[in-house]
Amino acid sequence: MNYRMIAYIIGQIVRVEGILMLPSFVVGLIYGEQVFAAFLIPIGLSVIAGTLLTLKKPADTSIFAKEGFVTVGLSWVLLSIIGGMPFVIDGCIPSPVDAFFETVSGFTTTGASILTDIEALGYGMLFWRSFTHWIGGMGVLVFVLAILPQADTRSVKLMHVMRAEVPGPTVGKLVSKIGRTARIMYGLYILLTFIEVVLLLVGGMPLFDSLVNSFGTAGTGGFAIKNVSIAYYDSAYMDYVIGIFMVLFGINFNLYYLIALGNILEVLKSEELRWYIGIVVGSTALIALDIYQIFGNVADSIRYAFFQVSSIITTTGYATYDFNTWPALSQIILVLLMFCGACAGSTGGGIKVGRIIILIKSGLREIKYMLHPRAVVPIRFEGKSADKDVVRGATSFLIVYIMMFTASVFFIEMIEECDLVTGFTAVAACINNVGPGLGDVGPAGNFAWLSDASTLILSFDMLAGRLEIFPIIMLFAPQTWKNH
């Protein structure tokens, strides 16, 4: 284990986090808020600690898979601890455990909140809260790789870091150099965010609201700045703009790079994209039919169905209607979409469409083997045979995912003694980085009623879900810390 190199990278990440707090500090000053202590203390601590850890570059810069997982896991925990300090110092979230939960929810783009009155927060805090979504959406480590000059010279080594953070069954480089890959990804990310901000401004949304709502959409996070979420604006235009961009941010960013190169046919051939769009369209149609009795017209039924399907499958968590009041069929579809998630290589959470395709095809192959034991049945994904490691990885992920999910539901129910719908969907919403669930944690509820123990369990679930479980679990494995 190369501890010196792990500390060196974490130092760079912590220092970057301090710098990324500056825009929120400036926003607070613009609106005349007393945010000096709330932001300058964590900014100072982050910059000083980061500088001390990076004063001397390690002689051995080796980064292998184990170092990559550990670096990512520790970084996200530290980011969340430091990121929660402004809330505690400001006093808007006095409990460190609750502040940690809120910040983990922000960075992991979950959107679950312990706040009962969001509008009571100052502009600086609201900006930081939503900005954590934007930072965590593409990944702060990817951002660091994008700005590090040495990223191009250690592409193979730093790929282990990127693979540990970017969601999906497979992660590859867009170009030969990892630093350039990270810059391309963030360039596309910034461009799409900017376009959404402009479109929301055109629709009459104030600049501040346009920025923070776009941060939540881009990161597929879902922290709203109004107590009733996006329903506050009550605009079909806003719903469709945000809904469409949620779907766009749930698409693999590699496909946007292909579009930029003019390879439209390659994009259209994407199997995962076709499944993803098909699920969105099919789910919207079914829910629109199911809720027609509530709205009484086709236009509103499609509008609310599309927005909520887009929000849940991309694990954003914005709401324009309390779907707790919808028929059981619609609620079941939305719960299934929580587990499905968006595409690999996107900012969305969940199991991922690509991984689900591989698991379905793997199951069908086993059935064929039973019927024809000697048959050779390869699993084809995206037009080519899937690597055995990819299939094994998808299966292993699902097994560990189910074990962690089951254990979390058990402990939440044991500690809180809440109804099963609330406990089950609370865990589903957190481990899949969705945000709202059903029951007491639905769109009209929150997570404020949870005990500290349950809050920490769900914080762990959010981190595990965002990092696809293994980087977080490896922190608790004794073998991880042994030198071989």
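Start by selecting helix H6, residues 96-107 (helices, H or I of at least four residues, and strands, E of at least two, are DSSP runs numbered from the N terminus). Of its 12 residues, 11 are buried, so H6 is largely enclosed by the rest of the structure. Buried here means under 20% relative accessible area, exposed means over 50%, and partly exposed lies in between (1.4 Å probe, protein chains only). What you have open is a predicted model, in which local features need pLDDT of at least 70 and side-chain atom pairs count only at pLDDT 80 or more, while totals for chains, interfaces and linings use all residues. Residues are numbered from 1 along each chain as its sequence is written, and side-chain values use heavy atoms, leaving out hydrogens and water.

Stay with H6 and show its side chains. Among the buried ones are Phe100, Phe101, Glu102 and Phe107. Which helices cover them? The cover includes H1 (3-20), H4 (65-83), H5 (85-90), H7 (123-138) and H21 (452-466), where contact means heavy atoms within 4.5 Å. The end C-alpha atoms of H6 are 16 Å apart, which agrees with the expected 16 Å at 1.5 Å a residue (the span is 1.5 Å times one less than the number of residues). After the helix comes Thr109, with a positive phi near 60 degrees.

Next, follow one of the covering helices, H21, to Ser454. At 0% relative accessibility, Ser454 counts as buried. Leaving aside residues up to four places away in sequence, Ser454 touches Ile412, Ile415 and Glu416.

Now select Glu468, in the loop between H21 and H22 (470-473). Glu468 is buried, with a relative accessible area of 9%. Its side chain meets that of Lys352 in a salt bridge (3.2 Å, N to O); the term means a side-chain nitrogen of Lys or Arg within 4 Å of a carboxyl oxygen of Asp or Glu. Arg355 also forms a salt bridge with Glu468, the closest N and O atoms being 2.8 Å apart. Arg355 lies in helix H18 and Glu468 in the loop between H21 and H22, so this pair ties together parts that are 113 residues apart in sequence. Arg355 is buried too, at 4% relative accessibility.

For another bridge, pick Glu271 and Lys361, whose side chains meet at 2.5 Å, N to O. Glu271 sits in H15 (residues 271-295) and Lys361 in H18 (residues 353-371), so the pair joins parts 90 residues apart in sequence. Is each partner buried or partly exposed? Glu271 is buried at 10%, whereas Lys361 is partly exposed at 24%. Then highlight Asp234, Asp239 and Arg303, which are linked in a network of salt bridges.

Turn to the surface and select Leu191, Phe194, Ile195, Val198, Leu199, Val202 and Tyr237, which make a nonpolar patch of about 610 Å². Patches use residues with over 30% relative accessible area and no salt bridge: like charges are joined within 9 Å, and nonpolar side chains (Val, Leu, Ile, Met, Phe, Trp, Tyr) within 5 Å. Areas come from the Shrake-Rupley method with a 1.4 Å probe; for residues, only the protein chains shown count as cover. Helix H10 (residues 178-202) gives the most, with 6 residues. Tyr237 belongs to helix H12 (residues 236-249).

Finally, zoom out. The protein comes to 22 helices and 2 strands, and buried residues make up 58% of its 484 residues.
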